[in-house]
Amino acid sequence: MKLSELGTGERGVIVKVSGHGGFRRRIREMGFVRGNKVKVILNAPLRDPIEYEIIGYKISLRRAEASNIEVISESEAKKLLTEREALPALEADDEYIEREMTTLAAERRKEIRVALVGNPNCGKTSLFNMASGSHEHVGNYSGVTVDAKEGLFEYGGYHFRIIDLPGTYSLSAYSPEELYVRKNLVEDTPDVVVNVVDASNLQRNLYLTTQIIDMDLRVVMALNMYDELTAKGDKLDIKQLGYLLGMPIVPTVSRTGEGINDLFDKVIQIYENQDPHLARHIHINHGSELEQSIRAIKDLLKKNTDIRYKYSTRYLSIKYLEDDKEIDSVVEALPNRDEIISVRFREQNRIKEILNSSIGSAMIDAKYAFVQGALAETWEPSQGKRRRNTVTEKIDAFVTNRWAAFPLFFIILYLVFDGTFVLGEYPMKWIEWLVSTFGSFVASVMQEGWLKDLVVDGIIGGVGSVLVFLPNILLLYLFISLLEDSGYMARAAFIMDRLMHKIGLHGKSFIPMIMGFGCNVPAVMATRTIENRKSRLITMLIIPLMSCAGRMPVYILIAGAFFPDNAGLVLLGLYALGILLAIVAAKIMSAFFKEDDLPFVMELPPYRIPTAKSIFRHTWEKGRQYLQKMSGIILVCSMIIWFLGYFPKHNAYDTVQEQQEHSFIGYIGKAMEPVLKPLGFDWKMGVGIVSGVAAKELVVSTLGVMYADDEPVSVASGSMSDDKVGESESSDDSLSAGVSEALAETRLQRALVKSVTPAGALAYMVFILLYFPCIATFIAIKQEGGGWKWAILTAVYTIILAWVAAFLTFNIASLFI
Ligand code: GDP
Ligand code: MG
């Protein structure tokens, strides 16, 4: 009997709860667990909700919700007991009845309803006959337009009621068969679904599986025609595939009956919740754009509690976005339907713009990408009969080839970085020119004084020095978007997956790490594509060890001064050191994170030629985020650094160095000297380190000021925060036009060689590589990681790491050079 059918005052014992996973979880949390006693407080015929008492609490349930809960009622128990003549007439006391209700509920629970779902000709009917055949009662009954067969049999102490549903390729609302199967799964949800899959045609069969996954049901997969798979010589990692899909898989041959017992053993285990390891609810990842649309609809649907008992809201959202006719009418009846309709309209247009296809076909592509990715990881078709049919398969044969994959990958990476810097140089020059022109214009109209210095040097100079990197960042984004939209990026992640697993990460962590070589900030933002929280956090935390472009000027300056013959080697060594330490850090951190590390599928979408429009949108979208998040922070930091270098008593000294020495930043540098001495640095280098906190590019210009020989103060204020502003000829405040940048740099290099040992210089580069990434990255980690905790952790560990590494470098190098 259904719980909703119990009258006021009547008692019952819960047999089972059916429906989709989300509903069952929620109901279970309320206490509606099998074997629990429930009493009806008030059930008036036309009143909704109904009031119940369970485990001492009063709880209201909607009538529709209560109809998903099966119970043994008092009256039912009495009737059954009378039939069995086990009830001693009217003498039965409450306690006796209650005990009997519990026993009956446990008995009733032994009935498991199983539905067979699968493509046509995958062997459902054979399986059905094999399982139920030798037993009683195999009858036909008619559905509305299509037929389904129901059979009963006993196995393992359970009564099975098994239903052979019509074969379908999909669960959309196109054909009567599809609608029929869906109706059955939603309205008369079986206890366990057996997804019958033709093992000799995995791609197509697993597409249906992805739709069953959306519905959030309890599923066991019967990997049927397993004999054909082995005959072909294919290799399939069944266990791993099961992990990835979140359901147990049992190989079967329904023609001979092989594996059928194992299958129903598994069904019993799943029914009794005895295999939580394999049976977990996963989400098919449809890619960030589609997931955003799904989330938008889902948030609105969630407000309607009265449909949630019936449908998983995620499934409903996906179907609704796909313009499913049946789901349309479900949404039509909701109070907030106007809002939902307009959000669907908006999302459909957005997807059309970005992905250049309808949501419906984008969903299909994403599901196939999921299947493709899951199979690429677990399935190895026999060499002889492997056929490459589609364009994508042909390209993949080369791109993911054992020998070609890595060289190709590194060539593409090289092209991306080289392209970024070569092409980036032109707009970089323009921005430099713009900033310096603007700076000297402002300088010429403002009155002398600290305010002018603040605006020109602090604000325009400081922000300008970071702004010049914007073209590089946009170009990097452009290339990344190209690789993402074409489908290559997914392959790159796939290729790297096995290697990344060795350090406790996933293939998807690799792309952000690579982006870190350009700039750590977009790299941290790119970790969003990693679903697994543990992997995402670790990736974020090790990105600062990837040597970004901002550190390059420091290396060029110092390596050029101290190791002119081996500068390239030193550079390579620094990059390699960063990578090596990142690997070690990742390994250590993954040991610390206690979180579960469940496997997930790396989707392999079909290759396609990206459209200019979508590339532009993606690039712009990322660039906008970067600017939005960083502009304010950079502005504030530039002002702080300027302030520290300018005050106190800016005008009291004749030379730049003297002024710097007696500025706040000078004091900080000096205060740090005892800590820096063991690393072979002097206090001036300490000042460089302090200003590098804002952005590592600033280290060079700061050193330029600190080691300048005898230039007038007015020049220094121009070159302190940024040497680019100072270059302009028209301003009185600027560096004289005759002194070329190159000359200034070699002079700085000579000064450095005079005051630092080569070992100290080497240690300094190591320190600059590793210590505190920069304010912008720090903030990005705080925002993406969801808390200051992670940003502070990064700051602390990188500073300690930098000190230790520099100390070792200095001492070891001192022995040799
Ligand atoms: P349905 O359309 O899903 O109900 O599939 P059927 O049960 O009608 O089977 C389709 C065909 O596949 C029949 O010819 C079966 O004999 C054959 N078949 C079913 N199971 C297996 C199997 O495990 N191995 C092989 N080799 N053939 C099978
Ligand atoms: Mg059939």
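This passage describes three helix pairs and the surroundings of ligand 1 in a predicted model.

A convenient place to begin is the ligand. Ligand 1 is surrounded by 15 residues, and the closest are Asn-121, Lys-124, Thr-125, Ser-126 and Asp-227. Asp-227 also takes part in a polar pairing, with an N or O atom of its side chain 2.9 Å from a nitrogen atom of the ligand. Glu-228 likewise places a polar side-chain atom 3.3 Å from a ligand nitrogen atom. At Cys-122 the backbone is involved instead: an N or O atom of its main chain lies 3.1 Å from an oxygen atom of ligand 1.

Turning to helix packing, helix α7 (residues 202–214) meets helix α16 (residues 359–378) at an angle of about 115 degrees, the two axes being 9 Å apart. With that angle, α7 is roughly perpendicular to α16, and the crossing is right-handed. On the α7 side, the contact is formed by Leu-202, Gln-203, Arg-204, Leu-206, Tyr-207, Thr-210, Gln-211 and Asp-214. Their counterparts on α16 are Ile-364, Lys-367, Tyr-368, Phe-370, Val-371, Gln-372 and Leu-375. Sorted by class, the residues of this contact comprise eight nonpolar, four polar and three charged.

The remaining two pairs have helix α30 in common, so to speak, as a shared partner. Helix α29 (residues 664–676) and α30 cross at roughly 115 degrees, and their axes come within 7 Å. This angle makes α29 roughly perpendicular to α30, and α29 passes α30 in a right-handed crossing. From α29, the residues Ile-665, Gly-666, Ile-668, Gly-669, Lys-670, Met-672, Glu-673 and Leu-676 meet Trp-683, Gly-686, Val-687, Ile-689, Val-690 and Ser-691 of α30. Eight nonpolar, four polar and two charged residues make up the contact of α29 with α30.

What, then, is the angle between α30 and helix α35? For α30 (residues 683–691) and α35 (residues 758–770), the axes cross at roughly 15 degrees and come within 11 Å. The pair therefore counts as roughly parallel, and here too the crossing is right-handed. The contact involves Met-685, Gly-688 and Ile-689 from α30, together with Gly-760, Tyr-764, Phe-767 and Ile-768 from α35. Its composition is five nonpolar and two polar residues, with no charged residues. Ile-689 of α30 is thus a residue to look at in both settings, being listed in the contact with α29 and in the contact with α35.

Conventions:
Residues numbered from 1 in each chain as written. Chains lettered and ligands numbered in written order. Predicted model: local features only at pLDDT ≥ 70, side-chain atom pairs only at ≥ 80, totals over all residues. Heavy atoms only, no water. Axes fitted to C-alpha atoms, helices over the stretch in contact; angles between N-to-C directions. Helix = DSSP H or I, 4+ residues; strand = E, 2+ residues; numbered from the N terminus. Parallel < 35°, antiparallel > 145°, perpendicular 65-115°, else oblique. Left-handed = near helix turned anticlockwise from the far one by under 90°. Contact = heavy atoms within 4.5 Å. Nonpolar A, V, L, I, M, F, W, Y, C, P; charged D, E, K, R; others polar. Near = heavy atom within 4 Å. Polar contact = N/O pair within 3.5 Å; in protein donor to acceptor, adjacent residues only side chain to side chain.
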